[in-house]
Amino acid sequence: MARRRQRKVVLNVAMWCVRIVFGALLAFPFYWMLITTFKRNTDLNNLKNNPFIFNEPPTLDHLRLLFHETMFGRWVLNTAFAGLIVVIITLVLAVPAAYALARLTGNWGAQLGIGVFLTYLVPPTLLFIPLSKVVAMLGLQDTLWSVIVVYPTFTLPFSIWLLMGFFKSIPKDLDDAAMVDGLTRWGAFVKLMIPMSVSGILTVVIFAFTLVTQEFVYALTFISSAANQTVGVGVPTYLVRGDVYYWGSLMAACLITSVPIGILYNTFLDRFIEGFTGGAVK
Amino acid sequence: MFMPAILYIVALVGVPFVMAFVYSVSDAKVGSVHYHFVGLKNFIDILHNPTFIRSLENSFLFTISSQILVLIGSTILALALRDAFPGRRFLRFLILLPWVAPVSIGSLGWKWILDSLYSVITWVLVRMHLVNQFDAPMWLGEPKLAMMSVILVHTWHMMPFATVILLAGLTAIPSEIPEAAAVDGAGFFRTLFQITIPMMLPIINVAVLFGAIFTFTDMTVIYILTRGGPYDTTQVIPSEAFFTGILGSDLAEGAAISIFLVPVLVIAAYLALRSAHRAEVT
Amino acid sequence: MAVVETRKLTKVFKRGNVGAVNNVDLESREGEFLVLLGPSGSGKTTLLRMIAGLEEPTSGDILIGGRLVNDLTPRERGIAMVFQSYALYPHLSVFNNIVFPLKAQGVPKERRQKQAEWAASLLGIQHLFARKPRELSGGERQRVALARAIVREPSLFLLDEPLSNLDAKLRASAREELEQFQERIGTTTIYVTHDQVEAMAMGDRVVVMSQGVVRQIGTPADVYDEPADTFVATFLGSPPMNILPFEETLVGFRPEHFLPVGVSERPGASVSYSYHIDHSEYLGAELVLYGVMVGGAFDGMKAISRVPSTHAAGLTDGSTHTFWVGASDVKFFDRVTSKRTTASRLPS
């Protein structure tokens with residue numbers, strides 16, 4: 001009689017165990033950043049203290065140090081600026097390209113699209129050495145512009161791929177109708193397709209921006225002065241003086257950078273997955 | 001309309017890709033303008049370099065073991081996230097953080113958690129009387145432990161990505177299929193292993209292949225946590241290429257090292273395309 | 001073989017809302033082909049899913065073969081089900097799809113082979129054993145789903161709109177096949193559909209449902225000729241029964257019984273009306289007329305008539321004729337409850 005319910009309860013409990021254990025393990029470092037940010041150094045450095053709780057009253061010292069005595073603010077601004085320009089470059093190039101590829105007749109569009117997507121798989125760790133030469137030739141070494149020029153190499157392929165899927169889902173009849181109604185192809189693209197794909201374009205904006213904030217290898221390779229650094233490289237390399245780790249400020253910096261990006265990304269996640277799984281999920 | 005984007009990608013991905021091969025058979029150095037063809041000298045040199053051989057081995061160890069852990073973990077987690085439950089959105093956000101937070105920043109959080117003196121893990125183990133406080137494990141300072149640590153941190157970083165992709169595959173299975181299995185007399189595990197997982201195989205392939213490419217070509221976790229140390233025991237191909245080519249100024253040899261990424265990339269890209277194609281046919 | 005019985009079976013999906021299925025009392029007969037018929041949202045599929053064990057009832061009991069099965073899982077109920085989409089396992093070959101239920105029961109290998117061959121031969125699909133579901137046509141998929149359902153000789157057979165994925169031409173032949181197939185295996189069958197033609201053609205009895213409530217249970221002739229209420233009267237039959245208000249009642253008569261004077265061959269009393277034809281549709285075998293009653297109790301009300309083409313001469317748009325309907329073909333319904341009542345008097 002109760003067997004069915006019993007089995008259901010067991011399964012439910014097991015599911016919750018998995019959720020709680022995995023959730024705790026995956027989110028733990030962020031909890032750790034949070035608690036470290038507000039702990040006094042004397043609390044952090046006392047091995048007798050229980051590290052999970054505040055043994056001394058919380059403090060804002062680490063945040064003060066981070067914002068007043070380090071270049072953290074500068075790095076955040078640098079990253080935001082680079083992100084903005086990269087987003088603009090990406091949109092200007094990717095939106096028309098994706099539309100054209102989506103509407104290319106025959107197998108050509110699909111083939112080119114896959115080719116573009118494959119370039120996304122070419123990793124920075126293969127290209128950074130030749131690119132460092134290219135950056136030097138362009139006279140951009142050690143400037144924020146070096147990464148601004150290079151970042152579209154990975155934001156473009158993914159954005160084109162994502163937007164291609166988007167444009168393909170808009171029936172071709174609509175273009176035809178617009179052209180029958182007297183618009184040129186370019187007119188149809190600007191007046192019809194762009195307004196119809198606002199949410200796809202917004203997704204691309206978010207992803208291009210977050211990809212920029214997450215990038216590490218190129219910024220580490222091309223930029224050598226602290227003042228020009230992005231936040232992803234600045235925090236782990238320049239916030240450490242010699243061998244001294246200011247853990248409180250470091251973790252504060254980590255927390256402040258991670259969580260907003262996390263929230264931003266999470267909102268647009270479903271579209272992002274669509275881009276990755278492509279045809280594999282129907 | 002797609003030409004500008006294609007040209008951008010060709011100029012900054014295609015050309016450097018070819019340059020990487022050109023450099024690998026030259027004697028290019030940072031700062032010098034002249035270089036000569038030296039044949040396979042660089043390749044012969046690095047194949048005689050025990051550090052390189054070690055990094056090659058490590059790359060495979062790092063990739064394969066972290067991907068196995070990711071696969072098992074993300075499958076279990078995706079199953080636990082499939083059905084609606086209170087707090088699902090929040091848990092998904094928490095679980096995603098390791099993937100969306102800049103990886104250098106997340107790794108920095110782990111560097112603090114794995115600190116040689118103040119590690120919270122050590123603190124817990126001491127309290128449980130599993131280790132002696134005065135002979136505490138050096139999580140990042142002993143070769144075996146350091147390798148284990150970077151593998152686990154990378155697993156932590158990649159797990160969310162695989163989970164959301166598998167989740168997309170899981171929710172794409174029509175609900176009538178598991179219902180039919182239930183009516184046909186299959187219990188939880190039979191349905192899981194004979195119906196659900198086999199049906200998800202194409203999408204699992206996608207997740208594993210992308211994960212493997214990202215892992216095999218990444219150096220961030222290792223750079224932040226160990227810089228390849230202690231004594232180059234956690235060096236992988238990308239980090240070895242970085243240390244040799246950029247920090248060591250030997251562009252040619254660095255390029256030659258990074259060329260070793262190419263065969264794996266080509267195979268993975270081929271498999272990814274094939275499995276995506278297959279999934280589409282199904 | 002078994003009979004299914006539901007007692008006061010109710011399913012409420014969201015607390016506070018009206019139930020998807022309300023107080024359904026149902027009893028099938030041994031070896032019967034019972035059809036649950038209703039528009040979408042009538043609760044017929046939910047009812048079937050509760051019998052299958054895929055949905056837990058909010059209240060009420062389900063009995064299969066006299067045994068209370070409320071707390072049994074689907075696998076313990078000894079039933080088989082064919083889903084609307086067929087739910088074939090896409091990664092398994094046809095053979096492995098068919099033997100899957102046997103494997104789950106731990107049937108030994110040789111017996112599995114034998115059973116699968118028996119089931120496949122009943123449906124003529126042995127030659128498809130090695131194929132994958134995606135390589136099959138719609139009709140073949142449906143047979144595989146049927147084979148998978150009968151392979152373990154279930155005591156009860158549940159079918160959820162199994163023909164709705166077939167094209168119109170195939171549907172007619174599949175319907176006939178399915179009917180004969182059920183007769184041959186003799187398993188009690190519950191069949192869900194929204195298609196009245198399927199229900200009339202296949203059912204031994206038809207359960208007409210609407211808004212989670214059973215409106216009428218009866219043979220196809222019962223529910224068509226003697227509808228219990230106006231819902232059943234208008235849901236069955238196309239075009240639907242004419243329902244016209246008269247005093248305290250609603251008067252109903254079917255378009256095919258409303259004919260030009262002299263056409264009906266049915267003996268007995270009849271009543272005639274003056275009928276103005278607005279427009280008509282010629283459908284080959286018959287002519288469907290849309291018009292208005294002129295004078296009498298129904299003056300100005302719309303009515304539909306279906307006249308065999310052989311008697312259609314002179315029935316042009318805009319013309320007025322005298323039509324009649326046999327007294328025994330006129331049904332009366334209560335205006336408030338919309339249930340059948342006895343005749344007061346024939347309006348003229």
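**A tour of chain C and the A–B contact**

In this predicted model, start with chain C: the centres of its domain 1 and domain 2, taken over C-alpha atoms, are separated by 39 Å. To see the two parts, colour residues 4-225 of chain C as domain 1 and residues 240-341 as domain 2, as the domain assignment gives them.

Next, select the strands of the six-stranded sheet in chain C. This sheet is open, its strand order is 6-7-8-3-9-10, and its pairing is mixed. Strand 6 (79-82) and strand 10 (213-218) of chain C lie at the edges, each pairing on one side only. From one strand to the next, the twist averages 20°.

Zoom in on residues 156-160 and 188-193 of chain C, which are strand 7 and strand 8. These two strands run parallel and are joined by five bridges. Within this pair, pick C:Asp160; opposite this residue, in strand 8 of chain C, stands C:Val192.

Now add residues 138-150 of chain C, which form helix 4. Helix 4 packs on the sheet and touches strand 6 and strand 7 of chain C. The direction of helix 4 makes about 175° with that of strand 6 of chain C.

Leave chain C and show chains A and B together. Their contact takes 73 residues from chain A and 71 residues from chain B. On the chain B side, select helix 1 (residues 3-24), which supplies the largest share of the residues touching chain A, eleven. Colour the chain B side by residue class: 61 of its residues are nonpolar, nine are polar and one is charged.

Note on methods. Residues numbered from 1 in each chain as written. Chains lettered and ligands numbered in written order. Predicted model: local features only at pLDDT ≥ 70, side-chain atom pairs only at ≥ 80, totals over all residues. Contact = placed C-beta atoms within 7 Å. Helix = DSSP H or I, 4+ residues; strand = E, 2+ residues; numbered from the N terminus. Nonpolar A, V, L, I, M, F, W, Y, C, P; charged D, E, K, R; others polar. Pairing = 2+ DSSP bridges. Axes fitted to C-alpha atoms, helices over the stretch in contact; angles between N-to-C directions. Domains from an automatic or database assignment.
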